[in-house]
Amino acid sequence: MKLVDTKLVDYIIFSLCVGVFIIGVYETMTVGLSYSYWLFMVSVGLLLWYNFRRRK
């Protein structure tokens, strides 16, 4: 028996990716892209991690 279901972890990673992206869009509209660029990079990093885990 696994300690953590891998589908649940994948779902959490994808949800974090979408959430950080939405926060990044909001921050871009309020303060500008230069201050919210790091949020988009975190979102892309989570998306790459999600795709890596899914393809394994």
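**Exercise 1. Contacts across the chain**

What share of the contacts with a separation of 6 or more comes from residues 24 or more positions apart? Work it out, then describe the overall build of the chain.

*Solution.* Keep in mind that this is a predicted model.

- Step 1: take the contacts in the chain with a separation of 6 or more; residues 24 or more positions apart account for 50% of them.
- Step 2: go through the secondary structure, and you'll find two helices and zero strands.
- Step 3: check the spread. The radius of gyration is 14 Å, while the globule rule gives 10 Å for 56 residues, so the chain is more spread out than a compact globule.
- Step 4: put a box around the C-alpha atoms along the principal axes, and you get roughly 45 × 15 × 10 Å.

**Exercise 2. Surface and interior**

Find how many of the residues are buried, as a percentage, and what the exposed surface is made of.

*Solution.*

- Step 1: a residue is buried if its relative accessible area is under 20%. By that cut-off, buried residues make up 21% of the 56 in the chain.
- Step 2: turn to the outside. About 4700 Å² is exposed, and carbon and sulfur atoms supply 72% of that area.

**Exercise 3. The salt bridge**

Search the whole structure for salt bridges, then say which parts of the chain are tied together.

*Solution.*

- Step 1: the search turns up one salt bridge.
- Step 2: the partners are R53 and D10, with their closest N and O atoms 2.8 Å apart.
- Step 3: place them. D10 sits in helix 1 (residues 6–30) and R53 in helix 2, so the pair links parts of the chain that are 43 residues apart in sequence.
- Step 4: ask how covered each partner is. D10 has a relative accessible area of 11%, under the 20% cut-off, so D10 is buried. R53 comes out at 26%, so R53 counts as partly exposed.
- Step 5: look around D10. Leaving out residues up to four places away in sequence, D10 touches Y50 as well as R53.

**Exercise 4. The nonpolar core**

List the residues of the largest nonpolar core and say which helices supply them.

*Solution.*

- Step 1: the core has six residues in all: I13, C17, V20, L39, L46 and Y50.
- Step 2: sort them by helix, and helix 1 and helix 2 each turn out to supply at least two.
- Step 3: zoom in on I13. Setting aside residues up to four places away in sequence, its contacts are L46, W49, Y50 and R53. Two of these names, L46 and Y50, are on the core list too.
- Step 4: compare with V18, which is also part of helix 1. V18 has 36% relative accessibility, so V18 counts as partly exposed. The C-alpha atoms of V18 and L46 are 9.1 Å apart, with their positions 28 residues apart along the chain.

**Exercise 5. A serine under cover**

Is S36 buried or exposed, and what does S36 touch?

*Solution.*

- Step 1: locate S36 in helix 2 (residues 33–55).
- Step 2: read off the accessibility. S36 is at 0%, so S36 is buried.
- Step 3: list the contacts, again without residues up to four places away in sequence: G24, E27 and T28.
- Step 4: pick out the polar one. The side chains of S36 and T28 make a polar contact of 2.7 Å.

Notes: Residues numbered from 1 in each chain as written. Predicted model: local features only at pLDDT ≥ 70, side-chain atom pairs only at ≥ 80, totals over all residues. Heavy atoms only, no water. Helix = DSSP H or I, 4+ residues; strand = E, 2+ residues; numbered from the N terminus. Rg over C-alpha atoms; globule rule 2.2 N^0.38 Å. Buried < 20%, exposed > 50% of the residue type's maximum accessible area, 1.4 Å probe, protein only. Contact = heavy atoms within 4.5 Å. Areas by Shrake-Rupley, 256 points an atom, 1.4 Å probe, with all protein chains shown as cover. Polar contact = N/O pair within 3.5 Å; in protein donor to acceptor, adjacent residues only side chain to side chain. Salt bridge = Lys/Arg side-chain N within 4 Å of Asp/Glu carboxyl O. Core = buried A, V, L, I, M, F, W, Y, C linked by side-chain atoms within 4.5 Å.
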